[in-house]
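This report describes the packing of two helices and the nonpolar cores associated with them. The sequence and the structure are shown first.

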Amino acid sequence: MSYDRTIRPAVTDFDAATAAVRQALADQGFGILTEIDVQGTLKAKLGHDMEDYLILGACNPPLAHQALEADRSIGLLLPCNVVVRRDGDHTLVQALDPGTMVTLTGLEALKPIADEATARLDAALSALTAT
């Protein structure tokens, strides 16, 4: 089962790609609730060096509200994680496929919410690949 939506943005610089991801998500009604600098955390806590790796916890409040109304436990799968990371000379952007909510829970009531979130995430990811 595939659980991600992965693209290689037109911008290869990590910081520029991260800024573009934030804007593309905002354009689709997503705010960033959490941010985890995995590279910095692993360096500080373990002395481990790794490539740039940032996890953004993206949330579209109306969709999150609808999902929580359908299933209070869905908070375990929220927010939608979006990863911006280096992969060799390139930057990758990966988003959790919202359809995973339906697959994992088996709740058909979540399907229209997941479909809307997927459409918005796909629009954001598509904007990042445009040149």
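## Helix packing and nonpolar cores

At the N-terminal end of α1, Asp13 acts as a cap, with a side-chain oxygen 3.3 Å from the backbone nitrogen of Asp15. The model discussed here is predicted.

**Helix α1.** The buried residues of this helix are Phe14, Ala17, Thr18, Val21, Ala24 and Leu25. Because they cover an arc of only 130° around the axis, they lie on the same side of α1. An α-helix has 3.6 residues a turn, so residues three or four places apart point the same way. The buried residues of α1 pack against β2 (31-37), β3, β4, β5 and α5. On the face turned away from this buried side, α1 carries the exposed residues Asp15 and Asp27. Just after α1, Gly29 adopts a positive phi of about 85°.

**Helix α5.** In α5, the buried residues are Ile113, Ala114, Ala117, Thr118, Leu121, Ala124, Leu125 and Leu128. Here too a single side is involved, because the arc they cover around the axis is only 130°. The elements that cover the buried residues of α5 include β1 (4-7), α1 (14-27), α3, β4, β5 (90-96) and α4 (99-105).

The table sets out the dimensions of both helices.

| Helix | Number of residues | Span, first to last C-alpha | Expected span at 1.5 Å a residue |
|---|---|---|---|
| α1 | 14 residues | 20 Å | 20 Å |
| α5 | 19 residues | 27 Å | 27 Å |

**Nonpolar cores.** Which residues have the most contacts inside the largest nonpolar core? They are Val21, Leu25, Val82, Val93 and Leu128, in a core of 18 residues. At least two residues of this core come from each of α1, β3 (53-59), β4, β5 and α5. Apart from this core lies another, of nine residues, among them Leu63, Ala67, Met101 and Ala117. In soluble globular proteins, nonpolar side chains tend to be buried together.

The surroundings of Val93 can be given in detail. Leaving aside neighbours within four places in sequence, Val93 is in contact with Arg5, Thr6, Ile7, Pro9, Val21, Val82, Val83, Leu125 and Leu128. Of these partners, Val21 is among the buried residues of α1, while Leu125 and Leu128 are among those of α5.

**A cis peptide bond.** The peptide bond that joins Leu78 and Pro79 is cis, with omega about -10°. Pro79 is found in the loop between α3 (61-70) and β4 (80-87). Both of the elements that flank this loop are included in what covers the buried residues of α5.

Technical notes
Residues are numbered from 1 along each chain as its sequence is written. This is a predicted model: local features need pLDDT of at least 70, side-chain atom pairs count only at pLDDT 80 or more; totals for chains, interfaces and linings use all residues. Side-chain values use heavy atoms; hydrogens and water are left out. Helices (H or I, at least four residues) and strands (E, at least two) are DSSP runs, numbered from the N terminus. The expected span of a helix is 1.5 Å times one less than its number of residues. Buried means under 20% relative accessible area, exposed over 50%, partly exposed in between (1.4 Å probe, protein chains only). The arc is that of the directions from the helix axis to the C-beta atoms. Contact means heavy atoms within 4.5 Å. A nonpolar core is a set of buried Ala, Val, Leu, Ile, Met, Phe, Trp, Tyr and Cys residues joined through side-chain atoms within 4.5 Å. A polar contact is a pair of N or O atoms within 3.5 Å; within protein, one must be able to donate a hydrogen and the other to accept it, and residues adjacent in sequence count only if both atoms are side-chain atoms.
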